[in-house]
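Here are a few exercises to help you find your way around. Have a go at each one with the viewer open, then check the worked solution.

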Amino acid sequence: MIFARLAFRSLAARWLTVSLTILAIALSVVLFLGVEKIRNGAKASFADTISGTDLIVGARSGSVQLLLYSVFRIGNATNNVTWESFEDIREMPGVAWAIPLSLGDSHRGYRVLGTTAEYFDRYKFRAGKGLEFTSGVAFDDVFDAVLGADVVASLGYKLDDPIIVSHGIASFTHHEDKPFRVAGILAKTGTPVDRTVIVSLEGIEAIHVDWVGGGRAAGSLTAEQARTLDLSPKAITAAMIGVESKLRIFTLQRAINDYAEEPLLAVLPGVALQELWAVVGVAETALLGVSLMVVATALIGMVAMIFAGLNERRREMAILRSVGAGPGLIMTMLIAEAALIAAAGAAVGVAILYAGLAALQTWLDATYGIYIPPTGLGEREMITLAAAVAAGALAGLAPAARAYFISLSDGMSVKM
Amino acid sequence: MTEETALALTNLRFTWPGSTGFTLEVDAFTLPKGERTLLLGASGSGKSTLLSLICGISTPSAGSVTVAGTDIARLSRRRRDRFRAENIGIVFQQFNLLPYATALDNALLPLQFAPNRRAKLTDERAEALRLAAALGLDPAQMTSGGAGSLSVGQQQRVAVVRALIGSPELIVADEPTSALDASAQASFVDTLFTHVEAAGASLLMVSHDERLADRFDRTVRLEDIARVKKAAAV
């Protein structure tokens, strides 16, 4: 078709301005789609942080707060859960398994988690993936510790290295009298587990056995002396619960929330995540708004380019008119040109996006724990792309209308 | 008016749009079929306006413009565009071609709007190349690169191919030689005559150059047939 060829050659003749315009639209599309991808990836990675756990139980506070300190190691618990309560919950009908979590100490900025060895089997992330050891095994001694991948990466520990746990978070008081030994190192997960030092509940109990209130009592015990004592825990921070049947979750949740001996809170991780995401949602919407603005800016740039070119193309329009082209055709050609540029921009943008994702995916996952699955464009993204191209064509109406009137009024007398 | 008239202007009145108040009036002008007429006029004498009216790009406020038996002033704008494509071949002073398109695509352009002209040809490309060769343009010049890279004289000849292809009734040329040097002018006019005659078309050429007059069947001075008024005189 001669007009398609003419339109293409006309664009090719102005390749510099046209390709810069296409690049501007492409980059705006990359920004928009990239924000979408990272947003969804972050959301999914966030939601993937914990899976396979049906309920999280802690002292009564807010559900988001409970989720943050128990799963994300952000913030602190306001209160503890007594060991008796935990045992009661574990015996409740419908509970398949319960894993205690004891938080509150740290090691050089990383949280220390006291739990049972069962944690390594029960903790699941990213749709059921389990924890794996790159070296060593789970703890079987009171003073054994298992390190997350980030802890090892930044502090450089090897198996059997000694580790001194500090009392509290960001503290100068250390449990140097009772050092732990690195018994295992976990593979990278992209979850807060990577930044955690995991020890046994007995270990947590042992380092605090000679403490009274917030300080060390006189006549402290050695590690070997501590081993001989009863190290069964008295309190924990939170617990992960698995149920026998999903149908029992809400019954169990109510039973825990109504527990008479102590004010407790049980939350469904997915629901708490949704609540948390709703808080973050405002920033998310703002980001989306900004990237849409950038797309609009690029389209306005395109319209400005077409407008700027109209004057030097008056001759072209007069020639087309003289051979019989109606002003409608000239208008159509300009709209088609705008749509073509917008479509090319969208296509180049998608190509850049996927090339970028392919290049950065591993790095994003390793560094920020944001896993972006290499899937195609979602329906929402397709609709947005189509809308951008349609908006481009629509924006092309303005210069096209101007061309229409120019071609009517100029007639054959164009002074160059 | 007979079938033998290629162009007839009768009681034509045209007022420039806007408040300028310029008017152009032509009481009567005819161009017999097959004739080659030179219309002499200085610049600013209303030449371009008259050509726009004859080609149906502008519409008169009164009177008729009859081309090959059809009063184009009565046609709708869409039908006038179509009529122009079918019946009139136009050669401008210069910058005749879309510079980014090949010379061949430029030459074939009017056929896109003129199915009747296209129907006369069995092979459009071959016809365009044949005409081009007759005008001294080889096929490589027609098909490779943008028309903008051809010399001015070559571009004018491509414009003639475009005007003649598919044999329209009337060829209108607006100072087609003014961008050429003296020796090129004479050979261009000769070539134009030969091919207009071969196509059986009529030629209306507008120029300010009286030296061309003796080559034409008839020479008409614009001021003899048209009155241009300026409202400012009121």
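## Exercise 1: A helix in chain B

B:T194 sits in helix α8 of chain B (helices are DSSP runs of H or I with at least four residues, strands are runs of E with at least two, and both are numbered from the N terminus). Before you start, note that this is a predicted model, where local features need pLDDT of at least 70, side-chain atom pairs count only at pLDDT 80 or more, and totals for chains, interfaces and linings use all residues. Residues are numbered from 1 along each chain as its sequence is written, chains are lettered from A and ligands numbered from 1 in the order in which they are written, and side-chain values use heavy atoms, with hydrogens and water left out.

**Task.** Work out whether B:T194 and B:H195 are buried, partly exposed or exposed.

**Solution.**
- Step 1: get the cut-offs straight. Buried means under 20% relative accessible area, exposed means over 50%, and partly exposed is in between (1.4 Å probe, protein chains only).
- Step 2: take B:T194. Its relative accessibility is 47%, so this residue is partly exposed.
- Step 3: move to B:H195, which is also part of helix α8, residues 182–199 of chain B. With a relative accessible area of 14%, B:H195 is buried.
- Step 4: look at what surrounds B:H195. Leaving out residues up to four places away in sequence, it touches B:L131, B:A134, B:L135 and B:L164 (a contact means heavy atoms within 4.5 Å).
- Step 5: go back to B:T194 for a distance. B:I171 is 23 residues away along the chain, and the two C-alpha atoms are 13 Å apart.

## Exercise 2: How spread out is each chain?

**Task.** Use the radius of gyration to judge chain B and chain A.

**Solution.**
- Step 1: know the yardstick. The radius of gyration is taken over C-alpha atoms, and the globule rule is 2.2 Å times the number of residues to the power 0.38.
- Step 2: start with chain B, which has nine helices and ten strands. Its radius of gyration is 18 Å, close to the 17 Å that the rule gives for 234 residues, so chain B is as compact as a globular protein of that length. Its C-alpha trace spans about 60 × 35 × 35 Å along the principal axes.
- Step 3: now chain A, with 14 helices and 16 strands. Here the radius of gyration is 32 Å, well over the 22 Å that the rule gives for 416 residues, so chain A is more spread out than a compact globule. Its C-alpha trace spans about 105 × 45 × 35 Å along the principal axes.
- Step 4: add the buried share. That is 54% of the 234 residues in chain B and 50% of the 416 residues in chain A.

## Exercise 3: Into the core

**Task.** Which residues have the most contacts inside the largest nonpolar core?

**Solution.**
- Step 1: define the thing. A nonpolar core is a set of buried Ala, Val, Leu, Ile, Met, Phe, Trp, Tyr and Cys residues joined through side-chain atoms within 4.5 Å.
- Step 2: name the residues. The largest core has 119 residues, and those with the most contacts inside it are B:L7, B:L9, B:F29, B:L50, B:L203 and B:M205.
- Step 3: find the top contributor. Helix α12 of chain A (residues 327–368) gives the most to this core, with eleven residues.
- Step 4: zoom in on B:M205. Its contacts, not counting residues up to four places away in sequence, include B:T37, B:L38, B:V189 and B:F216.
- Step 5: visit helix α12 of chain A, where you'll find A:L364. A:L364 is buried, with a relative accessible area of 11%. A:I38 is 326 residues from A:L364 in sequence, yet their C-alpha atoms are 9.5 Å apart.

## Exercise 4: An enclosed helix and some positive phi angles

**Task.** Why is helix α11 of chain A largely enclosed, and where do positive phi values turn up?

**Solution.**
- Step 1: count along α11, residues 314–322 of chain A. Eight of its nine residues are buried, so the helix is largely enclosed by the rest of the structure. Among them are A:R315, A:E316 and A:M317.
- Step 2: step just past α11 of chain A to A:G324, which has a positive phi of about 115°.
- Step 3: try A:D160, in the loop between α6 (149–155) and β9 (162–163) of chain A. Its phi is positive, about 75°, although A:D160 is not a glycine.
- Step 4: finish with B:N11, in strand β1 of chain B (residues 5–15). This residue, also not a glycine, has a positive phi near 45°. B:N11 is partly exposed, at 45% relative accessible area.
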